[in-house]
Amino acid sequence: MRNPLSQTITNIQPSGIRKFFDIVNEMEDAISLGVGEPDFDTPWRIRDEAIYSLEQGRTFYTSNSGLKELKEEICNYLERKYDLQYRATSEIMITVGGSEAIDIALRAMLDPGDEVLIPQPSYVSYEPCTILANGKPVIINLKEENDFRLTAKEVEEAITDKTKILILPFPNNPTGAVLEQKDLEEIAKVVIEHDLFVMTDEIYSELTYLEKHVSIASLPGMKERTVYINGFSKAFAMTGWRLGYACAPKEIIEQMLKIHQFAIMCAPTTSQYAAVEAVKNCEEEVQNMREEYNERRRYLVHRFKKMGLQCFEPFGAFYIFPSIKEFGLTSDEFATQFLQSKKVAVVPGTAFGACGEGFIRISYAYSLDNLKIALDRMEEFVKELREKK
Ligand SMILES: Cc1ncc(COP(=O)(O)O)c(C=O)c1O
């Protein structure tokens, strides 16, 4: 029999995030600090809207690009929060999570051989989605000494005559790094000079703890060359509702919509009705979650300092990315031994790119009580490793 599989997909490795969690589920008394998903339930007023929409029998497809009211409310929200002006009729589409938006934006924009600049460590889907869209990933290794920020110089050095898209993954998963207005202005200058496009994944834009989030799309000359991606999973604790969106110039949205139309049809209808309430009326709920994440973030920074573990202070998302280089173990060895001896799961930095070697990702989307137990165990583990040396 012929090989039924495509060479392209068989060459792609599955995500390295999940590996440890199958083990955790089987282990009694184990704690996971691994999953990048809010521990909060979706706020009740959002769930109420979903229930109401079902009671009203709103169980049909919406238009391909999404519910008109939701698109309008997202445009209002983006203008109010980030000074972004998009037209609800032609410059936005509702997707199945930010995940779908990433995939179809790349598929709509890339021709074979086009190069995509991907700063790493970063979210796991950019590289495989680029390959599946026939593009060529070009990795930019972010540096610990820059607090894992992307610099304009790093972008400039990676550009060739084939470069088409720069992916901008900030606030960043897994490092928690953010970019400020000045960083973005310098990057925008290079992007415009070299006639590139930006795909900016701002799914953690509500979760910044120092300065207000700035979108690159709001800078002069950038809206027309940016695909802006966001979603409901993180800010509104709605991972299971599978809802995100993309905003871009009309010509790009039109092509993305074709892929969405043929592969998906429309995003889940019940989720779309619920999401109207999220963007319209949930400022307070989001603020409460942000404050709680911030408390946990500060607690972790304090504990790592006390342990003497090298770690830069993250100002976005809900992750912290300490260095484990002093122990002479790989990230994978550290995570495996920590899980086996102390029953705490973390993710090796290498799950987010080769330059994540020497780091582990800890998610603080877990209660302070759990974090305290896990950090006590980590302190013991680190002490034991230092004694062995
Ligand atoms: C940076 C980043 N982008 C996109 C996603 C996808 O989120 P969703 O498809 O749930 O919107 C994630 C999920 O972890 C993420 O961390």
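Biologist: What makes the pair of glutamate 144 and lysine 325 a salt bridge?

Modeller: First a caution: this is a predicted model. In it, the closest N and O atoms of glutamate 144 and lysine 325 are 3.9 Å apart. The cut-off is within 4 Å, from a side-chain nitrogen of Lys or Arg to a carboxyl oxygen of Asp or Glu, so the pair counts as a salt bridge.

Biologist: How do you know that glutamate 285 and arginine 45 meet in a salt bridge too?

Modeller: Same kind of check. For glutamate 285 and arginine 45 the N to O value is 3.7 Å, and the rule asks for within 4 Å, so the pair passes.

Biologist: And what makes this a link between distant parts of the chain?

Modeller: Glutamate 285 sits in helix 11 (residues 283-307), arginine 45 in helix 3 (residues 44-55), and the two are 240 residues apart.

Biologist: How many salt bridges does the rule give?

Modeller: The count comes to 27. Across the interface of domain 1 and domain 2, the rule finds 2.

Biologist: Back up a bit: which domains does the assignment give?

Modeller: The protein chain is assigned domain 1 (7-42 + 284-381) and domain 2 (59-281). Taken over C-alpha atoms, their centres are separated by 25 Å. Domain 1 puts 39 residues into the contact, and domain 2 puts in 36.

Biologist: Why is the area between domain 1 and domain 2 called buried?

Modeller: The size of an interface is often given as the accessible area lost when the parts come together. Here the figure for domain 1 and domain 2 is about 3,000 Å². That is accessible area lost on being put together, summed over both parts, which means it counts as buried area. Carbon and sulfur atoms give 66% of the figure.

Biologist: On to empty space. What volume does the largest pocket have?

Modeller: About 540 Å³. There are 26 lining residues, and the closest to the pocket's centre are Arg18, Gly36, Tyr123, Asn173 and Lys234. Helix 5 (residues 97-109) gives the most to this lining, with 4 residues.

Biologist: How do you know that both domains take part in the lining of the largest pocket?

Modeller: The lining of the largest pocket takes at least three residues from domain 1 and at least three from domain 2. By class, that lining has 11 nonpolar, 9 polar and 6 charged residues.

Biologist: And the second largest pocket, how much space lies in it?

Modeller: About 390 Å³. Of its 18 lining residues, Gln13, Val124, Glu127, Pro128 and Ala351 are the closest to the centre. Helix 6 (residues 126-132) supplies the largest share of the lining, 3 residues. The second largest pocket also draws at least three lining residues from each of domain 1 and domain 2. Its classes come out at 9 nonpolar, 8 polar and 1 charged.

Biologist: How many cavities of 30 Å³ or more does a search of the whole structure find?

Modeller: The search finds 1. The largest cavity holds about 50 Å³. A cavity is space where a 1.4 Å probe fits but cannot get out, whereas a pocket is open, so this one goes under cavity.

Biologist: What makes up the lining of the largest cavity by class?

Modeller: There are 6 nonpolar, 3 polar and 1 charged residues in the lining. Among the lining residues are Leu168, Phe170, Leu179, His213 and Glu202. Glu belongs to the charged class, so Glu202 goes there.

Biologist: Phe170 turns up in that lining. What kind of peptide bond joins phenylalanine 170 and proline 171?

Modeller: A cis one, with omega at about -5°. Proline 171 lies in the loop between strand 5 (163-168) and helix 8 (181-193). The bond from asparagine 173 to proline 174 is cis as well, omega being near 20°. Proline 174 is placed in the loop between strand 5 and helix 8. Asn173 also lines the largest pocket.

Biologist: What makes phi of aspartate 195 worth a look?

Modeller: Phi is near 55°, a positive value in a residue other than glycine. Aspartate 195 lies in the loop between helix 8 and strand 6 (197-201). Methionine 265 has a positive phi too, near 85°, and belongs to the loop between helix 9 (250-263) and helix 10 (269-281).

Technical notes. Residues are numbered from 1 along each chain as its sequence is written. This is a predicted model: local features need pLDDT of at least 70, side-chain atom pairs count only at pLDDT 80 or more; totals for chains, interfaces and linings use all residues. Side-chain values use heavy atoms; hydrogens and water are left out. On a 1 Å grid over the protein atoms alone, a cavity is a set of points where a 1.4 Å probe fits but cannot get out, and a pocket is an open set with protein on both sides within 12 Å along at least five of seven lines; lining residues have an atom within 4 Å of a point. Grid points are joined across faces, edges and corners, and a volume is the space filled by probe spheres set on the points. Domain bounds come from an automatic or database domain assignment. Contact means heavy atoms within 4.5 Å. Buried area is the accessible area (1.4 Å probe) that two parts lose on being put together, summed over both.
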